Amino acid sequence: MYNILNWDLIRFEIDIEQYFLFKMGSLYNFDKYKQAYVLNEGKGNGDIIRFFYHETSKIKMYYSIVYQDSGDIIQFIKKRILQNQNATGNEVNEELRTFLGLKTYTPIKRKSSIVSQTDSIKKRDYEIYGDIIPKIDDHLKYLTEFRSFSYDVLLSPVFKSIFFTYTTDAISTLSFPIINIEGKIVGINRIETKENHYFNKKWFDKNSQNGNGFTFSNELPGTETLSIFESFFDAISYHELYKLDSVQYCSTNGELGFKKAKLIIKYFQEKNFKRLILGNDNDSAGKYFNLNIVGSFINGIERIRKGKETIYIEINENIVDPDKFKLLKHFFKVSDGQSDFIQKRVTPHLYFTETLSTSEKRHLFSISNTEDSLEFFVGLLIRIWELNTQIIIHTPINKDFNEDLVKLKTTSNG
């Protein structure tokens, strides 16, 4: 029997929208006009969920426009995940522990008066339903003026033919493909380049699977380095700024959890690249991306989870290198119980050991979700596991490399 987590703290600590995307992201598309998530079921009455902050408590809530049910993250778990408004505290508690990386379990399924509709929906394969036009002439002003790209770089062998014009329902946008590591197109990323109310807005084409897809530059013969960025615009900017040879560029398109990071490391290994350059943003999100990628390199790290205040790293003692693991523990304090991970808003570097069976133990490490803490821990992993020659972290001066390029060219032009 587990003690109930501090639900009042959970309501503030966990972003319900991030939890929703973690549990149901593959079943919903974000509609930029409705400013809501729409169920991918091809019917006019599909579920529509919007997120908002409660006016008084400032807690982030959800509201279903179709089913007219609403609530905070606890109510969302009861109604939408467990499908049981009267679910016990321990049932909700186990679901929260799973999301936080504190427990692995099989979700409890109950029926209730609210029918979710998500259980019967199978994940669809992506299908291109618009028109792909190879020319990008209509978007040159956006690319060369707003993004400050050189036309020669856009036409260079490494980036040529990546961009195209994509037209659906009389809407034409600058677009580029989302491709999985097997080389299959699993989506399209779209950008509005017309100077209107939606200028520079980005969204994924219907049924796009960014959770297991990336945007790659062309791979030239003799390529030895893979370079990863949050945005493909940052990848192009980095290339124009530093003019590196023998590099394939990869964008995660703004999403990179541990599962997706494992995919890109698999791609790196199958392609036999020698080096990995990480060019993620100069903020806490970018450093969290670095953590996921570096962690994916290390045998024994099995899960990484992020809360609002705390990052959790789960390590399997049976797999991790014992000498390196022993050195890592010197930088952490031992925690007496898992409650320390939840109830402290400012979390010191702690770790907790849980015996799963007579032959298996797992160790749960926690670090603060701050730039300094993330940067220190990523550097620590690289140093202990001797990844310095394989992984290079290059941080932009400004928030991202496209901003670096824009400011450089603005300064150069007076």
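## Reading burial, helix packing and backbone angles

Modeller: Let's start with Leu-5, which is buried at a relative accessible area of 8%. This is a predicted model.

Colleague: Where in the chain does Leu-5 lie?

Modeller: Leu-5 sits in the segment before helix H1 (7–13).

Colleague: Which residue, 91 residues apart from Leu-5 along the chain, can we compare it with in space?

Modeller: That is Leu-96, and 8.2 Å separates the two C-alpha atoms.

Colleague: Let me step back to the whole chain. How many helices and strands are there, and what share of the residues is buried?

Modeller: The protein chain has 13 helices and 20 strands. Of its 414 residues, 53% are buried. For contacts with a separation of 6 or more, 61% join residues 24 or more positions apart.

Colleague: Now helix pairs. How should I read the packing of H2 and H3, and what is the angle between them?

Modeller: Take the angle and the axis distance together. Helix H2 (residues 16–24) packs with helix H3 (residues 73–81) at an angle of about 20°, and their axes are 10 Å apart. Angles under 35 degrees count as roughly parallel, so H2 and H3 are roughly parallel to each other. The crossing of H2 past H3 is right-handed.

Colleague: Which residues in H2 and H3 meet?

Modeller: From H2 come Ile-16, Tyr-19, Phe-20, Lys-23 and Met-24, and in H3 they meet Ile-73, Phe-76, Ile-77, Arg-80 and Ile-81. By class, this contact of H2 with H3 holds eight nonpolar, no polar and two charged residues. As a general idea, an α-helix has 3.6 residues a turn, so residues three or four places apart point the same way.

Colleague: And at what angle do H3 and helix H4 cross?

Modeller: H3 and helix H4 (residues 89–100) cross at roughly 100°, with axes that come within 10 Å. That makes H3 roughly perpendicular to H4. Ile-74, Ile-77, Lys-78 and Ile-81 of H3 make the contact with Val-92, Glu-95 and Leu-96 of H4. These residues divide into five nonpolar, no polar and two charged. You have met Leu-96 already, as the residue whose C-alpha is 8.2 Å from that of Leu-5.

Colleague: What about H8 and H9: what are their angle and axis distance?

Modeller: Helix H8 (residues 258–270) and H9 pack at an angle of about 55°, and their axes are 8 Å apart. H8 and H9 are therefore oblique to each other. H8 passes H9 in a right-handed crossing. On the H8 side the contact is made by Phe-258, Ala-261, Lys-262, Ile-265 and Phe-268, and on the H9 side by Asn-292, Ile-293, Gly-295, Ser-296 and Phe-297. The class count for H8 with H9 is six nonpolar, three polar and one charged.

Colleague: H9 leads me to H12. Which elements do the buried residues of H12 pack against?

Modeller: They pack against helix H9 (284–297), helix H10 (322–329) and four strands: S15 (301–306), S16 (310–316), S19 (360–368) and S20 (391–393). The buried residues themselves are Ser-373, Leu-374, Phe-377, Val-378, Leu-380, Leu-381, Ile-382 and Ile-384.

Colleague: What span should H12 have, and how far apart are its end C-alpha atoms?

Modeller: At 1.5 Å a residue, the 14 residues of H12 (residues 371–384) should span 20 Å, and the end C-alpha atoms are 20 Å apart, which agrees. After H12 comes Glu-386, with a positive phi near 55°.

Colleague: Which residue in the loop between strands S3 and S4 should I look at for phi?

Modeller: Look at Lys-58, in the loop between strand S3 (48–53) and strand S4 (60–64). Its phi is positive, near 65°, in a residue other than glycine. Lys-58 has 53% relative accessibility and counts as exposed. Lys-243 also is not a glycine and has a positive phi of about 50°. Lys-243 belongs to the loop between helix H7 (232–242) and strand S13 (247–251) and is exposed, at a relative accessible area of 61%.

Colleague: One last loop residue: is Leu-220 buried or exposed?

Modeller: Leu-220 falls in between: it is partly exposed, with a relative accessible area of 35%. Leu-220 lies in the loop between strand S11 (215–216) and strand S12 (225–229). Setting aside neighbours within four places in sequence, Leu-220 is in contact with Pro-157 and Val-158. From Leu-220 to Asp-245 is 25 residues in sequence and 9.5 Å in space, C-alpha to C-alpha.

Note on methods
Residues numbered from 1 in each chain as written. Predicted model: local features only at pLDDT ≥ 70, side-chain atom pairs only at ≥ 80, totals over all residues. Heavy atoms only, no water. Helix = DSSP H or I, 4+ residues; strand = E, 2+ residues; numbered from the N terminus. Expected span 1.5 Å × (residues − 1). Buried < 20%, exposed > 50% of the residue type's maximum accessible area, 1.4 Å probe, protein only. Contact = heavy atoms within 4.5 Å. Axes fitted to C-alpha atoms, helices over the stretch in contact; angles between N-to-C directions. Parallel < 35°, antiparallel > 145°, perpendicular 65-115°, else oblique. Left-handed = near helix turned anticlockwise from the far one by under 90°. Nonpolar A, V, L, I, M, F, W, Y, C, P; charged D, E, K, R; others polar.
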